[in-house]
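Subject: Structure for you to look at

Hello,

Here is the structure I said I would pass on. Please open it beside this email, and then read on for what was found in it.

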Amino acid sequence: MTTQEQIIYLDYHSTTPVDTRVAEKVMYYMTTAFGNANSVDHDYGNQAAQAVKQARQQIAELINAAVKEIIFTSGATESINLAIQGYITPKNTPAKIIVSPVEHKAVLDTCKALAKKRVVEIIWLKVNQQAHIDLEHLEKVCSEGASLICVMAANNEVGTIYPIKKIGAIAQTYHIPFLCDASQAVGKIPINFQDWGITYLAISGHKFYAPKGVGALVVKKSYELEPMIYGGGHQQGIRSGTLNVPGIVGLGEACRLRQLEMKADEQAIALLRDQLQNLLLAKIPNLVVNGDLNNRLSGNLHISLPDIPNSAMIARVRHQLAISGGAACSSGVVAPSHVLQAMNLAENIIEGALRIGIGKFTTQEEIEKASSVIISAVNRIHQLL
């Protein structure tokens with residue numbers, strides 16, 4: 001039976017292993033410095049509070065935000081819900097939300113739920129076959145009035161990177177708050193919260209080598225949100241609940257390490273990605289690489305095998321490679337990718353799509369072995385067809 005240690009992990013968009021340096025900090029604050037950051041009548045609580053303060057500073061430095069703008073959450077999904085539902089209150093309704101159709105389900109499902117209640121109208125942006133949004137269309141719909149703009153920093157399926165600074169400038173011109181889901185981008189590309197016109201920024205720790213279950217919503221000064229969770233008035237009354245100190249410490253440490261190592265790591269990751277891409281293209285003649293090949297996340301390789309359903313490939317390689325047929329948010333849902341559909345790709349391209357995510361701990365040996373596994377699987381399936 002195959003053990004997990006023998007399976008090559010290439011699903012870094014779904015989640016990342018926790019950096020051992022981060023894990024050491026987390027363990028210390030779980031077992032030794034385990035105080036409640038709100039119980040500051042003794043040294044345990046004070047130590048926890050100081051650790052949270054330091055983590056806020058580490059996050060703020062990575063994304064150029066103010067410390068007081070950071071609200072800790074359980075991850076990007078909660079952050080996104082807090083931003084959208086916390087802003088679209090009775091005083092702001094009826095509302096119009098401008099949304100990219102290639103957003104994560106956390107954005108799409110939240111907006112659709114509010115639309116179902118008839119408190120918002122969704123204005124869908126146009127996207128092309130590389131998943132880029134049409135900035136002229138964005139400006140046009142902004143000029144007609146809107147309550148909120150939702151555009152991600154980088155796509156979680158095809159890896160396309162978005163011109164957030166330009167989008168933020170358009171948002172500021174028309175005085176429209178701008179929610180940016182940066183869960184795939186933070187720690188991989190530079191993000192400048194203060195200077196890019198972003199109002200709300202969603203972060204998820206497990207996408208860049210921190211633990212699962214911790215993230216943040218960065219909220220621009222002077223913008224208010226109605227809380228979704230009550231009880232204690234923690235974090236400026238925006239998000240109550242005892243702080244997840246170990247997770248927060250891990251998030252902060254991961255941000256500190258990304259600030260130091262991101263540039264070199266991402267350059268190395270891009271080289272491995274390009275090597276895998278070239279190996280596959282050389283041996284699989286009809287292979288299609290999706291997305292913007294010149295403007296994507298370093299670790300993203302989104303391919304399609306037009307004559308092989310992705311389910312057949314996943315079934316054949318699953319005990320050797322950890323890759324996916326789509327986003328983890330839709331795991332277990334047998335449905336075509338909404339991202340690829342919005343890109344208006346051909347049906348056989350959508351059905352044959354595979355998402356490969358390369359990360360900091362991927363090795364040269366793993367890339368070479370992964371290419372052999374994929375090529376062998378394709379050849380074997382062709383023989384059976």
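L114 counts as buried, because its relative accessibility is 8% and the cut-off for buried is under 20%. You will find L114 in helix α4, which covers residues 105–116. Leaving out residues up to four places away in sequence, L114 touches I84, I88, V119 and V120. One of these, I88, is 26 residues from L114 along the chain, and the C-alpha atoms of the two are separated by 8.8 Å. Please keep in mind throughout that this is a predicted model.

Just after that helix, look at R118. R118 is found in the loop between α4 and β4 (120–124). R118 is exposed, with a relative accessible area of 75%. Its backbone deserves a look too: R118 has a positive phi of about 65 degrees although it is not a glycine. As background, most residues other than glycine have a negative phi.

Q235 also has a positive phi without being a glycine, and its value is near 50 degrees. Q235 sits in the loop between β8 (215–219) and α7. Is Q235 buried or exposed? At 10% relative accessibility, Q235 counts as buried.

Next comes helix α7, residues 245–283, which contains D265. D265 is buried, with a relative accessible area of 15%. Not counting residues up to four places away in sequence, D265 touches R258 and K360. For a longer view across the model, take D265 and H132: they are 133 residues apart along the chain, and 25 Å separates their C-alpha atoms.

Now the sheet. Three strands form an open sheet in the order β9-β10-β12, with antiparallel pairing. Why do β9 and β12 each have one side without a neighbour in the sheet? β9 (288–289) and β12 (353–357) stand at the edges and each has a single partner strand, so one side of each is left without a neighbour there. In general, strands of a sheet pair through backbone hydrogen bonds, either parallel or antiparallel.

The pairings can be followed residue by residue:

- β9 and β10 run antiparallel and are joined by two bridges. V288 has S304 as its bridge partner in β10.
- β10 (residues 300–304) and β12 run antiparallel and are joined by five bridges. S304 stands opposite A353 in β12, and N300 stands opposite G357 in β12.

S304 therefore appears twice in this list, with V288 as a bridge partner and with A353 opposite it in β12.

How many residues of β10 are buried? Five of the five are, so β10 is largely enclosed by the rest of the structure. From β10, N300, H302 and S304 point one way and L301 and I303 the other way, and all are buried. This can be set beside the general rule that in a regular strand the side chains alternate between the two faces of the sheet.

β12 is mostly covered as well, with five of its five residues buried. On one side of β12 are A353, R355 and G357, and on the other are L354 and I356; all are buried, and both faces of the strand are covered.

Helix α8 (residues 310–317) has N310, M313, I314 and V317 as its buried residues. Seen down the axis of α8, these fall within an arc of 100 degrees, so they line one face of the helix. The elements that cover the buried residues of α8 include β11 (321–322), α10 (347–351), β12 and α11 (364–384). That brings back β12, the edge strand of the sheet described above.

Last, the empty space inside. Rolling a probe the size of a water molecule over the atoms shows where empty space is left. The count comes to three cavities of 30 Å³ or more. The largest cavity holds about 110 Å³ of space. Fifteen residues line the largest cavity, and those closest to its centre are K188, Y209, E266, G299 and I358. The lining divides into six nonpolar, six polar and three charged residues.

Regards

Technical notes
Residues are numbered from 1 along each chain as its sequence is written. This is a predicted model: local features need pLDDT of at least 70, side-chain atom pairs count only at pLDDT 80 or more; totals for chains, interfaces and linings use all residues. Side-chain values use heavy atoms; hydrogens and water are left out. On a 1 Å grid over the protein atoms alone, a cavity is a set of points where a 1.4 Å probe fits but cannot get out, and a pocket is an open set with protein on both sides within 12 Å along at least five of seven lines; lining residues have an atom within 4 Å of a point. Grid points are joined across faces, edges and corners, and a volume is the space filled by probe spheres set on the points. Ala, Val, Leu, Ile, Met, Phe, Trp, Tyr, Cys and Pro count as nonpolar, Asp, Glu, Lys and Arg as charged, and the others, Gly among them, as polar. Two strands pair if DSSP finds at least two bridges between them. Helices (H or I, at least four residues) and strands (E, at least two) are DSSP runs, numbered from the N terminus. Buried means under 20% relative accessible area, exposed over 50%, partly exposed in between (1.4 Å probe, protein chains only). The arc is that of the directions from the helix axis to the C-beta atoms. Contact means heavy atoms within 4.5 Å.
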